[in-house]
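I opened the model to look at helix packing and aromatic pairs. My entries follow.

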Amino acid sequence: MKKVPCRLPDSELDIMLVLWHNKPPMSRLEIERIVNEKKTLAPTTILSLLSRLEKKSFVAVTKEGKNNLYAPLVSEQDYQQKESHSMLERLYGNSLKNFVNSLYQGKHMDQSDIRELSDFLKEMEQNLEEH
């Protein structure tokens, strides 16, 4: 998979989610059928979105007969990682503490939530010590 080129608008992200969560390569009709389960987009709109994703190097297009088949060039994990880092930097000044505090502000955290977060942080510490 390639390096993540840029942040995607929601409409393009919807298309990428279909490709990531299904078995690519996929035709426009297959993508359209799945996208339209949640919201209705015209075939021309889906073609425009796929064309933009190709220009941004998020998808590869191959011809099979008369159909174009689309496959992701960027993995979902790589995209999530880049977006998470970007959001953390922009909104929380790279502070995980501020981020977690914002997530749970006004919401009740129970013992299992705190334990899960604590276990995760301990695991991260161990990984840092090993490397």
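I looked up which residues of helix 1 are buried (under 20% relative accessible area, 1.4 Å probe, protein chains only), and found Glu12, Ile15, Met16, Val18, Leu19 and Trp20. The model is predicted, with local features needing pLDDT of at least 70 and side-chain atom pairs pLDDT 80 or more, while totals for chains, interfaces and linings use all residues. Residues are numbered from 1 along each chain as its sequence is written, and side-chain values use heavy atoms, without hydrogens and water.

Next I checked the neighbours of helix 1. The axes of helix 1 (residues 10-21) and helix 2 (residues 28-35) come within 10 Å and cross at roughly 110°. The two helices are therefore roughly perpendicular (65 to 115 degrees). In this contact (heavy atoms within 4.5 Å), helix 1 supplies Ile15, Val18 and Leu19, and helix 2 supplies Ile31, Ile34 and Val35.

Then I turned to the rings. I searched the whole structure for aromatic pairs (ring centres within 6.5 Å, using the six-membered ring of Trp) and got three. Trp20 and Tyr79 make a tilted pair, 5.8 Å centre to centre with 40° between the planes; tilted covers planes neither under 30 degrees apart (stacked) nor over 60 (edge-to-face). This pair joins helix 1 to helix 4 across 59 residues. The ring centres of Phe58 and Tyr79 are 5.9 Å apart and the planes are at 75°, so I noted that pair as edge-to-face. Phe58 sits in the loop between helix 3 and strand 2, 21 residues from Tyr79.

Last, I looked up accessibility. Phe58 is buried at a relative accessible area of 0%, and Tyr79 is buried at 5%. I recorded Trp20, Phe58 and Tyr79 as a cluster linked by ring pairs.

Methods:
Axes are lines fitted to C-alpha atoms, for helices over the stretch in contact, and angles run from 0 to 180 degrees between N-to-C directions. Helices (H or I, at least four residues) and strands (E, at least two) are DSSP runs, numbered from the N terminus. Angles under 35 degrees count as roughly parallel, over 145 as roughly antiparallel, 65 to 115 as roughly perpendicular and the rest as oblique. Buried means under 20% relative accessible area, exposed over 50%, partly exposed in between (1.4 Å probe, protein chains only).
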